[in-house]
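Biologist: I should like a close look at a single strand of this structure and at the elements around it. Please take me through that part step by step, in terms a first-year student can follow.

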Amino acid sequence: MATKRLSLSVPLDGVSLREHPEVCQEAERLGYTDAWSYEVDAIDAFTPLAVIGLHTNLRLGTAIANVYTRGPATLAETAAGVAEVAPGRFNLGIGSGSQPIVELWNGGKFRKPATRVREMALFLRKAFAGERVVFEGETFRVDGFRMAKPPSPPIPIHIAALREGMLRVAGEVGDGAIINWLSAEDVKKSVAVVREAAKAAGRNPDDVEITARLMVCIDPLTPEVAMLQRRHLNAYLNVPVYKEFHRWLGREPLLSAMWTAWDSGDRKAALAAVPDVVVQDLFVAGTADERNAHVQRYLEAGVDTAFLQFISFDPDPAVRRARVLQAMREMSPKAAGM
């Protein structure tokens with residue numbers, strides 16, 4: 001894709017859903033093109049997009065809806081609801097999530113994630129086309145489901161991917177690949193796998209959109225904030241899927257001390273063992289100009305659509321809100337000269 005897009009990750013910290021229409025209207029005026037949602041332990045991925053879609057012309061996307069925590073038909077129906085609110089503007093991003101979300105929080109089994117995502121994408125294609133779906137896969141089966149009101153046009157399907165197996169699935173069957181928690185330099189390795197898989201599947205590699213969630217620290221870089229960044233990284237990079245991802249990226253020499261300390265139960269040592277270079281690579285941070293330049297490096301490395309997740313560690317909700325809105329303005333496409 002030739003066009004580069006700068007987008008928001010929603011919901012925005014400190015901004016209620018009722019306020020999102022007004023704030024996202026401002027974001028649209030500032031040149032942002034999309035709003036991509038996420039769900040972990042707060043609000044689901046679909047509701048914010050329905051709210052925003054009613055009041056803006058932004059393109060919308062989930063990043064991601066989990067393929068284990070909703071049944072196939074329910075996932076198709078929920079996506080169709082948002083697509084009706086924003087016809088032609090909604091993209092369904094799906095992914096496997098992680099073991100804690102699937103098993104500890106939702107009572108499922110985190111089994112064969114790449115197969116599950118591939119099968120869900122294949123099912124959704126048929127469902128969105130209005131077909132009567134009889135599907136017998138390795139991870140689920142569907143017998144006779146047909147959407148009474150299939151979305152028009154059919155909803156593009158983007159696939160969240162970390163390592164090679166899932167990146168290949170994205171290249172083979174996805175309209176896009178969603179990547180996150182990686183450096184600008186890492187992007188090249190991930191994108192190459194997607195493009196090669198698309199070509200091998202007989203598809204135009206350039207038709208697969210690469211979207212990336214960028215973690216943007218918007219606090220002044222004090223020693224306390226640096227420690228909180230490390231804590232945030234500890235929480236993610238010790239989750240098995242992210243641990244293996246960063247091994248695949250080649251960070252084991254940098255992160256092995258942190259992983260060893262974490263596995264032994266020494267959280268303080270694990271925190272101290274995160275190298276500065278890892279923090280600097282995985283967080284977009286610094287002054288507005290420095291942050292904008294860092295985002296540009298991701299776009300130059302192969303990201304088509306960058307969506308910015310603004311992170312403030314300040315304990316005061318009012319301060320976090322003010323910093324989010326300031327960052328939205330000073331990192332906008334207009335401010336960045338895009």
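Modeller: Strand β5 pairs with strand β8 (residues 157-160) in the parallel sense, and three bridges hold the pairing. Within this pairing, I94 has I159 of β8 as its bridge partner. Please bear in mind that this is a predicted model.

Strand β5 itself covers residues 90-95. It has further partners besides β8. Strand β3 (residues 59-62) runs parallel to β5 and is joined to it by two bridges. Here G61 is the residue that stands opposite N91 of β5. Strand β4 (residues 65-66) is likewise parallel to β5, again with two bridges between them. In that case N66 faces G95 of β5.

The connection between β4 and β5 deserves attention as well. Helix α3 (residues 72-85) belongs with these two strands to a β-α-β unit, and the unit is right-handed.

We may now consider how far β5 is covered. Six of the six residues in β5 are buried. One side of the strand carries F90, L92 and I94, and the other carries N91, G93 and G95; both faces are covered. Two residues already met in the pairings, N91 and G95, thus belong to one face, while I94, the partner of I159, belongs to the other.

For contrast, consider a part of the chain with surface exposure. W105 is found in the loop that links α4 (99-104) to α5 (113-128). Its relative accessibility is 48%, and W105 is therefore classed as partly exposed. Together with V40 and L104, W105 forms a nonpolar surface patch of about 350 Å².

A helix may also be set beside the strand. In helix α9 (residues 240-248), the buried residues are V241, Y242, K243, F245, H246 and W248. An α-helix has 3.6 residues a turn, so residues three or four places apart point the same way. Just after α9 comes G250, whose phi is positive, at about 95°.

Finally, the wider setting can be given. A UniProt record, an unreviewed entry, places the feature "domain: Luciferase-like" at residues 15-305. Over residues 15-305, the chain is 50% helix and 15% strand. The end C-alpha atoms of that stretch are 23 Å apart.

Definitions and conventions. Residues numbered from 1 in each chain as written. Predicted model: local features only at pLDDT ≥ 70, side-chain atom pairs only at ≥ 80, totals over all residues. Heavy atoms only, no water. Buried < 20%, exposed > 50% of the residue type's maximum accessible area, 1.4 Å probe, protein only. Helix = DSSP H or I, 4+ residues; strand = E, 2+ residues; numbered from the N terminus. Patch = residues over 30% accessible without salt bridge, like charges linked within 9 Å, V, L, I, M, F, W, Y side chains within 5 Å. Areas by Shrake-Rupley, 256 points an atom, 1.4 Å probe, with all protein chains shown as cover. Salt bridge = Lys/Arg side-chain N within 4 Å of Asp/Glu carboxyl O. UniProt positions renumbered as here; feature names shortened; annotations may be inferred. Pairing = 2+ DSSP bridges. Right-handed = clockwise from strand over helix to strand, strands pointing away.
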